2 protein chains.
Amino acid sequence: MSVPLYEAKAELFRLLGHPVRIRVLELLQDGPKPVRDLLAAIEVEPAGLSQHLAVLRRSELVTARRDGSTVVYALSGGDVAELLRAARHLLHAKLAGRHALLDELEAEAGSR
Amino acid sequence: MSVPLYEAKAELFRLLGHPVRIRVLELLQDGPKPVRDLLAAIEVEPAGLSQHLAVLRRSELVTARRDGSTVVYALSGGDVAELLRAARHLLHAKLAGRHALLDELEAEAGSR
DNA sequence: CGTGCAATTGCGAAATTGCGCAACTGCGTC
DNA sequence: GACGCAGTTGCGCAATTTCGCAATTGCACG
C-alpha cells in the first residue's frame, strides 16, 4: 500500500467536504434517485451537479446506472450512511453543548 | 442558526480533510497529548502543526490547556472518535471490495 | 435523419487552502 | 531583566478546488 492509511482517510473526508455532495448523499440515503430528482431538490445547475456526482463516482461512494434517458444514482454500501449518521451525532452533540453553555450564561446573568 | 445543517456537516468534513489533522485526532484518541509528542509523531514543522491545531481548536473538535510551558491537547467529546471509527469501517469495506474484485479478475484470467 | 431533452465533459477565471518563513507571546531559569 | 525553549500568529506565494459557460454525448421520438 503506497498510500498511508491516514491519507486515504483524509481524502475521504475531503471528498465529503462540500455542501452539494453532502446533500446528494443524504438524498440517496432514502434509496436510489435519478439525477432529475437531485437537481430538483438541490439548488445547483446541471453542470455543477454533474461535476460533484463525478467526484463521488470516482471515489466509489456512489454508483450510477443508466435507465433509458435518465441516470440513476445510488449509495454504494451502507457504510456511507453510517458515516453520515456519525457526523450528525457529532453535530448534534456540539450544538447541544453550545445551547447548554448559553443557558448557563443566561442563568448566571439573571441571578446577578 | 442561519447556517443550514448540511453546510455545517460539509464544513465538519472539510475540516477533517487533511492528513495532518487526521493524524492528530487519531493520536489524541489514546488520550491527551502535549504538542511536543504530536510534533515527534507527525512529520511536520512546529508552525505547520500549530496552524492545523488552530483549525481543530476553532471548530471545537479538540481542546487545549496550558500546563507549565507545554500545551496539552485533547479530543473534546467521544463523538469524534466514533466518526473516525466509521471512516475506518468505510475504508476497510472499500479496500476489501477492491481486493475481492482483483481476486475475481485473477481467477478469470487464470482459467482462460 | 433531425430535433429535443438529460446528463456529462472541458476549460479558463475566481475563490480557498496549505506552506514556509519571520516575528511574536508565554513561561521558566539564571 | 535577559536568555532560551515551546508554541503560536501573520503574511505572501503556490497549489488546489470550485464555478460558470460552452460544447458534447446518449437516448427517445416524430
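Let's start at the DNA. A polar side-chain atom of Arg14(B) sits 2.3 Å from a phosphate oxygen of DNA strand C. Keep in mind that this is a predicted model.

Chain A reaches the backbone too. In Tyr73(A), a side-chain N or O atom is 2.3 Å from a phosphate oxygen of strand C. Back on chain B, His52(B) has a polar side-chain atom 3.2 Å from a phosphate oxygen of that strand.

Now the wider surface. There are 21 residues around DNA strand C. The nearest are Ser50(A), Tyr73(A), Arg14(B), Glu45(B) and Gln51(B). On the DNA side, sugar and phosphate make up 70% of the strand C atoms that come within 4 Å of the protein.

What is the make-up of that surface by class? Seven residues are nonpolar, eight polar and six charged.

Which element gives the most? Helix 4 of chain A, with six residues. Other elements that supply at least two residues each are helix 3 (35-41) and strand 3 (70-75) of chain A, and helix 4 (46-58) of chain B.

Stay with helix 4 of chain A. Helix 2 of chain A, residues 19-28, packs on it at about 70°, and the axes are 10 Å apart. Angles of 65 to 115 degrees count as roughly perpendicular, so helix 2 and helix 4 of chain A are roughly perpendicular to each other. Helix 2 brings Val20(A), Arg21(A), Val24(A) and Leu25(A) to the contact. Helix 4 answers with Leu49(A), His52(A), Leu53(A), Val55(A) and Leu56(A). By class, that contact has seven nonpolar residues, one polar and one charged.

Notes: Residues numbered from 1 in each chain as written. Chains lettered and ligands numbered in written order. Predicted model: local features only at pLDDT ≥ 70, side-chain atom pairs only at ≥ 80, totals over all residues. Heavy atoms only, no water. Near = heavy atom within 4 Å. Polar contact = N/O pair within 3.5 Å; in protein donor to acceptor, adjacent residues only side chain to side chain. Helix = DSSP H or I, 4+ residues; strand = E, 2+ residues; numbered from the N terminus. Nonpolar A, V, L, I, M, F, W, Y, C, P; charged D, E, K, R; others polar. Axes fitted to C-alpha atoms, helices over the stretch in contact; angles between N-to-C directions. Parallel < 35°, antiparallel > 145°, perpendicular 65-115°, else oblique. Contact = heavy atoms within 4.5 Å.
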